[in-house]
Structure formats: C-alpha cells, structure tokens
Amino acid sequence: MSASAGGPAEGNASYGHKEFKRSKSHFADRVTADGRDGWPVEAGRYRLVVSRACPWAGRALVARRLLGLESALSLGITDPIQDDRSWRFTLDPGGRDPVLGIRFLSEAYDARESGYPGGVSVPALVDVPSGKLVTNDYQQITLDFTTEWTALHREGAPDLYPEPLRDEIDAVMEGIYRDVNNGVYRAGFASEQGAYEAACRDVFRRLELTSERLASRRYLVGETITEADIRLFSTLVRFDAVYHGHFKCNRWKLAEDPVLWAYARDLFQTPGFGDTIDFDHIKRHYYQVHAGINPTGIVPLGPDLGGWLTPHHREELGGRPFGDGTPPGPVPAGEEVPASGRAALTGPAAHGPVSAAAR
C-alpha cells in the first residue's frame with residue numbers, strides 16, 4: 001500500500017480525485033537462497049515493515065506466521081495513520097523503529113535510492129546492517145518466503161505454493177488480484193461514475209465466481225491452504241469493515257454471501273490468519289487517511305464484527321489446512337494484536353448470512 005495514490009507530493013487529499021493505478025514495485029530485488037541479487041537469505045539480517053491496516057502487508061504477515069519465520073525475520077509495525085511523509089513509527093518508544101532507528105519508512109527508501117520519486121509502500125523488506133530498503137515487491141515477497149526461505153521454515157511449515165499446482169494457483173490469483181484485491185481500490189478511488197461502476201461490477205462478478213468455486217471445496221486450489229487463499233483473505237477480511245462503505249462496494253456484504261462468509265471465517269479462525277488482524281488499525285487508516293474520499297475523517301462505529309468467531313462448518317467439505325504440516329505456534333510475545341484491534345470481535349455476533357436469493 002503506497003503512501004499516496006497520487007504520489008508523495010500530493011498527499012492524502014489526492015485519494016479519490018484521480019484514476020487509481022497500482023504502481024509496479026520499483027525495488028524488485030529478491031532475497032533468495034543463493035543471494036543472486038546480492039541479498040542472501042540469512043536469519044536476523046532483514047526486517048519486515050508492515051502496516052496492519054494494509055491488505056498487501058497483511059499477506060506477508062500471514063505467510064510469515066504460517067511458515068514460522070518470526071524468529072528469523074523481525075517485524076516493524078507502522079502507525080496506521082500516515083501523514084504525507086509516509087508510514088511512521090510513532091507506535092514505538094520515541095517514535096523510532098527500535099531496530100532500524102528511523103522515524104519514517106521513507107528513510108530506508110532514501111538510503112537505497114536518494115531522490116526516489118515514487119510512493120513509500122508496505123510491505124517492505126529492509127536490510128538491517130545498512131538500513132537500506134531491499135524490496136517492496138508485494139507480489140513476490142510472500143512467494144519467496146515460501147520457496148526461497150525454506151532453510152528457516154519452522155518444523156511442520158505448510159507448502160503454500162506447491163509446485164504441481166502453481167499454474168492453477170497463478171491463474172486463480174491473477175483474476176482475484178485484478179478484480180478483487182485491486183478492484184476494490186479502483187472502485188473506491190474512482191473519480192467519475194463510469195469508472196466506479198465498471199470496477200464495482202468487476203469486484204462482484206469475481207466474488208460471485210469465487211463463491212461458486214468455493215461452494216464445494218474448502219480452499220481455492222487443492223486440499224490445503226495456499227498463497228491464493230492468503231491473497232483472497234486479505235481483501236475479504238476488510239470487506240465489510242471498509243470496502244463495503246468507504247469504497248462503495250456495496251451491492252452486498254460479505255456476510256450476505258453464505259459461502260464466502262463461511263470461507264472467510266474458516267480462515268480467520270485458523271492460526272496465522274485472524275491473529276494478525278487489527279480491525280482498529282484497518283478502520284482508522286482507511287477512514288482517516290483517505291481525506292479525498294472521507295474529508296471529515298469520521299470513523300463509523302459499525303459494522304458489527306462479532307460474527308467472525310461464529311461456527312463456519314467448512315470442515316465438512318474435507319481438506320487439510322496445513323497438509324502434512326502443523327499449525328503455527330502462539331503469536332510471539334510483543335507481536336500480539338492490541339485489545340483495541342480485537343474489541344469488535346467480542347461484541348454481539350453479526351447477523352447470520354442470508355440466502356443468495358435475498359441479495
């Protein structure tokens with residue numbers, strides 16, 4: 001997630017006033033087992049910087065948890081409320097990241113390339129010894145966690161990108177990325193009616209196709225959780241909280257599709273997914289940072305999020321969440337989601353899903 005849809009010079013007020021285009025990752029170096037880009041996999045060398053508000057960073061958080069990379073790859077968490085200088089470390093004592101010693105993520109970008117003109121985005125991998133950004137390639141980071149960081153995986157780590165299924169995973173992810181992951185942003189940041197309507201139709205067409213796919217299978221591809229599920233989950237978990245209202249993707253709520261709502265709850269209740277989600281960060285970021293869309297900065301009280309912990313019954317479809325592996329252990333000390341980010345889950349349960357005919 002970039003610091004600004006319109007670029008750092010235009011700031012938060014630019015959201016919603018120009019066509020949204022997802023920028024390609026400018027820094028696309030890879031951290032690999034053989035170090036071919038100059039960045040070898042090495043325990044303790046890199047720091048993963050994320051915002052818990054950001055769906056793209058959320059994917060990296062989930063993959064890191066599932067693969068057990070917490071002890072090998074440290075975690076920096078930014079304030080969900082960014083200013084026009086980018087993501088800030090104001091949650092940390094003294095307003096500085098305790099490992100990198102910087103106040104803004106942009107400082108790691110500047111250390112890598114002085115005068116870089118693009119937006120400052122998360123997730124970001126930073127080289128701790130030099131303080132330089134290594135990569136902000138949100139599409140590749142999680143794939144490399146799975147395929148290149150294997151020497152540092154926990155015992156029992158699942159294979160999130162099994163080689164025999166990669167073509168199918170890639171095809172499923174491509175449609176979900178274009179129409180859902182990116183589609184909600186194209187709808188939310190649209191500056192004219194036609195662009196909004198086209199994007200919104202794409203979102204719900206893909207969601208309906210995905211619902212049909214998941215009606216008879218527990219996971220998107222194969223019998224286990226894969227990268228495809230992580231990428232879809234990152235949008236679904238934010239859908240009713242922010243995309244339905246703030247981004248006007250409001251043909252229906254996630255909780256009104258029985259299949260997708262059960263699928264999302266199944267993943268949310270799986271260790272490594274829901275324990276990374278901070279609904280307080282998510283809501284405050286979208287409603288307070290996107291000043292061009294929500295100039296008052298008012299954060300809505302709803303929707304009721306208590307339903308995330310209700311039974312989903314998806315286990316009746318079979319499947320093995322971790323394949324031959326095991327669930328990840330407890331969230332490491334210091335990385336737990338604060339009570340403020342979980343509070344909405346303890347309220348009254350959300351209304352049960354309605355039938356597809358009731359939409």
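Select helix α4, residues 166–181, and then the helices around it. The buried residues of α4 pack against α1 (55–67), α3 (138–147), α5 (183–188), α6 (193–214) and α7 (227–243). Buried means under 20% relative accessible area, exposed over 50%, and partly exposed in between, with a 1.4 Å probe and protein chains only. Packing here rests on contact, that is, heavy atoms within 4.5 Å. Helices (H or I, at least four residues) and strands (E, at least two) are DSSP runs, numbered from the N terminus.

This is a predicted model, in which local features need pLDDT of at least 70 and side-chain atom pairs count only at pLDDT 80 or more, while totals for chains, interfaces and linings use all residues. Residues are numbered from 1 along each chain as its sequence is written, and side-chain values use heavy atoms, leaving out hydrogens and water.

**Stop 1: helix α4**

Show the side chains of Ile-169, Val-172, Met-173, Gly-175, Ile-176, Tyr-177, Asp-179, Val-180 and Asn-181; these are the buried residues of α4. Next, pick the C-alpha atoms at the two ends of the helix. They are only 19 Å apart, although α4 has 16 residues and a straight helix would reach 22 Å at 1.5 Å a residue. The expected span is 1.5 Å times one less than the number of residues.

**Stop 2: α4 against α6**

Two packed helices are described by the angle between their axes and the distance between the axes. For α4 and α6 the angle is about 145 degrees and the axes are 8 Å apart. Axes are lines fitted to C-alpha atoms, for helices over the stretch in contact, and angles run from 0 to 180 degrees between N-to-C directions.

To see the contact, select Glu-168, Val-172, Gly-175, Ile-176, Arg-178, Asp-179 and Val-180 in α4, then Asp-202, Val-203, Arg-205, Arg-206, Leu-207, Thr-210 and Arg-213 in α6. By class, the contact has 5 nonpolar, 2 polar and 7 charged residues. Ala, Val, Leu, Ile, Met, Phe, Trp, Tyr, Cys and Pro count as nonpolar, Asp, Glu, Lys and Arg as charged, and the others, Gly among them, as polar.

Now centre on Arg-206, which is in helix α6. Is Arg-206 buried or exposed? Its relative accessibility is 17%, so Arg-206 counts as buried. Leaving out residues up to four places away in sequence, Arg-206 touches Gly-175, Ile-176, Arg-178, Asp-179 and Val-180. The C-alpha atoms of Arg-206 and Gly-175 are separated by 7.5 Å, with the two residues 31 apart along the chain.

**Stop 3: the aromatic rings**

Rings of Phe, Tyr and Trp (its six-membered ring) pair if their centres lie within 6.5 Å; planes under 30 degrees apart count as stacked, over 60 as edge-to-face and the rest as tilted. The count comes to 24 aromatic pairs. One of them is Tyr-185 with Phe-247, an edge-to-face pair at 5.2 Å centre to centre and 65 degrees between the planes. This pair links distant parts of the chain, 62 residues apart: Tyr-185 is in helix α5, and Phe-247 is in the loop between α7 and α8 (258–268). Tyr-185 counts as buried at 2% relative accessibility, and Phe-247 counts as buried at 0%.

Widen the selection to Trp-56, Tyr-138, Tyr-177, Tyr-185, Phe-189, Phe-204, Phe-239, Tyr-243, Phe-247, Trp-252 and Tyr-286, which form one aromatic cluster.

**Stop 4: the loops**

Lys-248 is in the loop between α7 and α8. Lys-248 has a positive phi of about 60 degrees although it is not a glycine, and it is partly exposed, with a relative accessible area of 42%.

Move to the loop between α9 (279–289) and α10 (339–342), where Asn-294 lies. Asn-294 is buried, at 14% relative accessible area. Apart from neighbours within four places in sequence, Asn-294 is in contact with His-246 and Tyr-287. Pro-303 is also found between α9 and α10, and a cis peptide bond with omega of about 0 degrees joins Gly-302 to Pro-303. For His-313, again between α9 and α10, phi is positive, near 65 degrees.

Finish at Pro-123, in the loop between α2 (106–112) and β3 (124–127). The peptide bond from Val-122 to Pro-123 is cis, with omega near 5 degrees.

**Zooming out**

The protein has 10 helices and 4 strands. Of its 359 residues, 55% count as buried.
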